[in-house]
Amino acid sequence: MSEKLLEIKNLYVTTEKKEILKGINLKINKGEIHVIMGPNGSGKTTTANAILNNPIYKKEKGSIEFNKEDITNLKTDEIARKGIFMSFQQPEEIPGITITNFLKYAKNKTTGKPVKVFEFREELKQYMEELKMDSKNIERSLNVGFSGGEKKKNEILQMLVLNPKLAILDETDSGLDVDAIKTVSKGIEMFKNDENAVIIITHNTKILHSLKVDFVHILVNGKIVKTGTQELAKEIEENGYSKYIEKEC
Amino acid sequence: MKKTEIEEINRNIYNIKNKDEYDYKIKKGLTPEIIEEISNQKHDPKWMREFRKKALQVYNKLELPKWGPDLSELDMNEIATYVRPKSKLNNSWEDVPEDIKNTFDKLGIPEAEKTSLSGVGAQYDSEVVYHSMREELIKQGVIYTDMETAIKEYEDIVKKHFMKCVPVNDHKFVALHGAVWSGGSFVYVPKGVKVDIPLQSYFRLNSPESGQFEHTLIIVEEGASLHFIEGCSAPKYNKINLHAGCVELYVKDNAYLRYSTIENWSKNMLNLNTKKAIVGKNAQVDWISGSFGSKISMLYPMSILNGEGAKTEFTGISFAGKGQNLDNGFKVVHNAPNTSSVVNAKSISKNGGICTYRSSVKINENAENSKSSVSCESLMLDNISKSDTIPVNEIKTDKVEFSHEAKIGKISDKTIFYLMSRGISEEDAKAMIVRGFAYPISKELPVEYAVEMNNLINLELEGAIG
Amino acid sequence: MKELTLNETPVRTAKNYNINDIKIKEIKIPEKIEKFKNVIIKKETDKDTINENSSKLKLSYGIGKELIEQINKNSNNNEKITINSKTNKKIIIQYKLNKENINLIENIEIIAKENTKSNIIIKYESEEDLKYYHNGAIRIKSEENSEVNVTLINYLNKNTYNFLSIENEIENNSKINYNIIDFGGKSSITNFYTNIKGNNAQNNINTIYIGNENQLIDLNYIVELRGEKAKTNIEVQGALKDNAVKHFKGTIDFKKGSKKSKGNENEFCMLLSEKAKLIALPMLLCSEEDVEGNHSSSSRKSRCKPDFLYNE
């Protein structure tokens with residue numbers, strides 16, 4: 001039997017006094033890829049932010065357990081150090097901090113070990129090649145002046161370097177062309193093994209064409225209304241969410 | 001953990017307080033007799049004696065500025081304007097008295113001299129105690145010495161340039177400087193000579209209730225180039241110390257000068273310094289300025305672009321913490337066609353600190369086809385601090401391209417969250433963002449000074465945010 | 001003959017920058033002043049009221065002490081407007097200076113009641129080419145949830161002194177928008193001050209000016225943000241021809257408490273002659289951390305000949 005990695009129990013979350021999540025339950029085992037789909041505003045990004053305890057999202061009820069430890073109220077950096085990573089929908093631009101320095105620092109923090117400079121550079125170079133990123137970019141300021149696609153690839157690069165136990169990819173595929181989506185799914189395949197897990201948050205199904213997933217959850221109006229397999233994503237692709245939205249109303 | 005220890009040591013470095021030992025300390029105050037006595041002590045030539053006397057008269061006539069920080073706590077009757085250290089001028093560190101040498105050792109000056117400088121001057125209180133330059137530069141005719149020696153050995157050049165770029169009636173503290181100046185560096189780079197490795201003068205004020213009034217005079221002849229670095233610090237005392245130095249830079253046709261400063265005076269210092277450059281045809285002066293110390297600072301380096309095609313760039317950062325009022329900026333006058341100026345100014349205010357960017361860009365009638373672009377960015381780290389941007393732009397010709405941009409804001413919560421999601425603590429995330437903010441300045445500095453600046457930022461941020 | 005010192009900046013800077021204030025030399029301030037008769041007032045709804053009971057001026061800034069006193073003592077036109085209508089109805093006030101009405105000293109007070117919306121147009125014109133004198137004050141208070149749209153048009157001739165003090169007070173969820181067309185006057189001096197008191201309150205200003213001949217334009221705009229999530233946007237654009245001189249002093253002041261507020265200021269000046277001059281002092285003052293302030297100012301020679309600007 002596979003080992004439980006993350007469990008969200010009956011999670012209620014508000015932001016700016018508005019209730020977004022209304023009782024989410026989700027269990028993820030090591031070695032699994034989960035997809036959370038849903039129309040705009042259904043609470044997908046909120047779920048990701050709540051797992052990382054972004055202070056602008058307030059947990060009203062419920063709990064989050066990671067590796068048998070309650071992480072509900074830990075600080076974001078502590079959660080990250082436990083091994084959870086999130087790829088941002090809109091990665092922040094940070095002038096004056098190069099990708100190399102940033103990743104070296106973050107890797108040192110997440111592993112708690114000193115980073116060997118030479119090996120680290122080689123690793124970085126290799127990943128960048130795989131992701132078809134320009135290796136000159138490593139000396140550029142983090143995300144500054146990057147195109148949408150470059151930013152998303154840079155998130156995947158960070159995921160590979162930091163090698164978390166759980167990676168949450170929030171709309172990493174959105175706004176990307178077919179080639180870039182392929183590169184991103186390649187990155188996910190490189191990352192994935194039996195000991196870790198991935199949550200892919202998306203509102204379209206394109207990325208699922210080039211990636212095999214274990215579970216698909218449909219999130220509507222703050223609740224998971226249906227859980228299925230890859231077949232469910234196909235159904236959504238054909239029929240949209242209307243069936244589930246009506247059910248809600 | 002290790003990092004914190006280093007920072008602790010760093011703080012102590014700047015705060016090394018030697019015993020207030022001196023060879024001679026003039027009595028406090030500002031009278032014609034005291035000025036006369038300074039001249040006697042320094043064996044001034046006649047013209048300099050006269051100059052000091054006149055400057056004192058100008059000082060007495062001029063009013064305190066009616067703008068900017070409040071200077072009313074400055075009482076010249078409580079300031080000793082001349083303190084001669086217990087050391088003669090040496091050209092070997094071995095000969096510098098132990099406690100003074102130790103101070104400079106801890107500030108890393110002799111070490112930097114070995115690795116990354118081609119010449120060093122070190123001033124302690126009112127006099128320069130060490131001066132040295134690499135042999136090959138001496139052979140090329142470069143002069144780098146203290147001002148006292150310069151007056152004796154290069155009197156004609158000094159007389160021709162001394163307080164001609166910064167006239168004595170410029171403002172009250174320039175007049176004060178003219179009356180009581182002592183120490184500082186004289187640099188002369190002959191025509192066509194390129195000094196690739198920087199020269200550095202370091203100014204240390206140890207004596208309490210005193211002032212430092214060093215005069216820096218740099219002449220870069222046609223087609224020559226130089227990078228000059230100025231560093232300064234002092235231990236903290238309870239009473240006010242005063243720094244009213246003067247820097248005069250003559251950058252002749254086709255010459256290049258880069259003037260870098262890391263200012264880290266103690267927080268009881270009033271830093272009322274004046275710096276000006278006269279820039280010739282197709283010549284360029286670049287100012288790099290990091291302002292971290294002082295209780296009050298009023299510092300506006302100025303470039304006067306007199307030659308056609310003259311250029312200037314200013315890259316500066318001010319960081320004001322508790323009890324600090326840093327009123328800094330830049331001034332430029334475009335006096336000839338095709339001149340250009342680029343300003344990139346940043347400031348950080350925290351813990352009640354006040355940062356003001358005050359500037360003036362003047363483009364005169366004859367400065368056709370000139371360009372000026374100014375960018376200011378201010379970061380507020382809390383809501384008990386203050387950050388003001390006060391730029392005056394005066395344009396007197398239509399054939400000009402001028403733009404000015406300013407931004408004020410705080411570190412965005414989103415950015416902090418992004419960094420924290422990568423395992424970086426909130427405090428480290430903020431420090432990282434601030435270092436990134438300061439990067440355009442630190443990248444212009446030689447690497448050890450960039451490291452020093454980043455350490456200062458970490459030091460300033462320690463425990464203050466979170 | 002007198003010398004007036006006007007439009008002092010809220011923060012002083014070095015005297016030799018000549019921007020701390022503006023001095024108007026050898027000006028004759030009219031003393032005997034008759035009632036101003038050539039004013040046309042139109043309104044679209046009877047819900048809004050207009051009478052002559054505007055209150056005495058007590059300004060936070062104002063253009064200058066003497067001129068404010070003159071309005072309090074000698075105003076020859078007083079308009080108190082109370083907006084009650086919610087439907088953005090127009091009110092038009094049109095002053096025409098002519099040989100019977102050479103001095104205009106008006107005191108306009110506008111109160112926009114809660115939940116109202118209004119559109120106010122104030123126009124200053126001159127008929128013959130005489131030397132006129134205008135010294136006015138416009139105060140607007142917008143109560144909660146109200147919106148006031150103001151258009152000010154200055155078409156006075158180039159022999160005339162034009163002095164104007166504007167003060168606004170904006171309460172919660174209210175908005176005052178200004179469009180200012182500043183074309184006239186030998187010396188056209190405007191003092192504009194807004195206190196954004198309320199939360200979610202806004203003040204937007206759009207100014208266009210043209211200076212020609214020996215005209216002097218001195219604009220001193222100050223917007224203070226006190227409420228949370230307050231917003232201001234100041235756009236000032238213009239062109240200078242001949243020997244015209246323009247001073248622009250624009251201050252956005254984030255006071256403590258103005259959390260999550262935004263302030264923007266853009267100034268652009270086109271220089272159309274070698275002798276035209278400008279001084280700009282766009283200030284950002286900030287005592288609150290969580291705000292966004294931006295300003296930009298630029299000037300250059302015009303790349304095309306903007307004839308359209310002169311088709312007055």
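This talk walks through how three chains, A, B and C, touch one another in a predicted model.

Hello everyone, and a word on conventions before we start. Because this is a predicted model, local features need pLDDT of at least 70 and side-chain atom pairs count only at pLDDT 80 or more, while totals for chains, interfaces and linings use all residues. Residues are numbered from 1 along each chain as its sequence is written, chains are lettered from A and ligands numbered from 1 in the order in which they are written, and side-chain values use heavy atoms, with hydrogens and water left out.

Let's begin with who touches whom. Contact here means heavy atoms within 4.5 Å. Two pairs of chains touch, and chains B and C have the most contacts. Chain A and chain C have no contact, and their closest C-alpha atoms are 14 Å apart.

So let's look at B and C. Chain B brings 37 residues to the contact and chain C brings 39 residues. How much area is buried between chain B and chain C? About 3,200 Å², with 51% from carbon and sulfur atoms. Buried area is the accessible area, taken with a 1.4 Å probe, that two parts lose on being put together, summed over both. On the chain B side, Asn383(B), Asp398(B) and Ile408(B) supply 19% of the area buried against chain C, more than any other three residues.

There are two salt bridges across this interface, a salt bridge being a side-chain nitrogen of Lys or Arg within 4 Å of a carboxyl oxygen of Asp or Glu. In one salt bridge, Lys399(B) joins Glu274(C), with the closest N and O atoms 3.0 Å apart. The rule also finds 16 residue pairs in polar contact, both residues at pLDDT 80 or more. A polar contact is a pair of N or O atoms within 3.5 Å; within protein, one must be able to donate a hydrogen and the other to accept it, and residues adjacent in sequence count only if both atoms are side-chain atoms.

Which elements give two or more residues to the chain B side? They are strands S22 (354–363), S24 (386–395) and S25 (400–409) of chain B. Helices (H or I, at least four residues) and strands (E, at least two) are DSSP runs, numbered from the N terminus. S24(B) pairs with strand S20 (residues 277–286) of chain C in the antiparallel sense, over six bridges. Two strands pair if DSSP finds at least two bridges between them. Within that pairing, Glu394(B) has Ile279(C) as its bridge partner in S20(C).

Now for A and B. Here 30 residues of chain A meet 18 residues of chain B. Together the two chains bury about 2,000 Å², 68% of it on carbon and sulfur atoms. Two salt bridges cross this interface; in one of them, Arg422(B) meets Glu155(A), with the closest N and O atoms 2.7 Å apart. Nine residue pairs are in polar contact, both residues at pLDDT 80 or more. On the chain A side, the elements giving two or more residues include helix H3 (99–111) and helix H5 (148–162) of chain A. H3(A) has the largest share, five residues.

Let's step inside chain B. Its domain assignment, which is automatic or from a database, gives domain 1 (16–299) and domain 2 (414–466). Their centres, taken over C-alpha atoms, are 31 Å apart. The contact joins 15 residues of domain 1 to eleven residues of domain 2, and the two domains of chain B bury about 1,100 Å², 64% of it on carbon and sulfur atoms. In domain 1, Ile262(B), Ile288(B) and Phe292(B) lose the most area to domain 2, together 45% of what that side buries. One salt bridge is counted between these domains of chain B. Glu444(B) forms a salt bridge with Arg258(B), the closest N and O atoms being 3.2 Å apart.

Finally, a sheet in chain A. Four strands form an open antiparallel sheet in the order S2-S1-S4-S5. Why do S2 (18–29) and S5 (69–70) of chain A each have one side without a neighbour in the sheet? Because these strands stand at the edges, each with a single partner strand. Strand S1 (residues 4–15) of chain A and S2(A) pair over nine bridges in the antiparallel sense, and Thr15(A) has Lys18(A) as its bridge partner in S2(A).

Thanks for listening!
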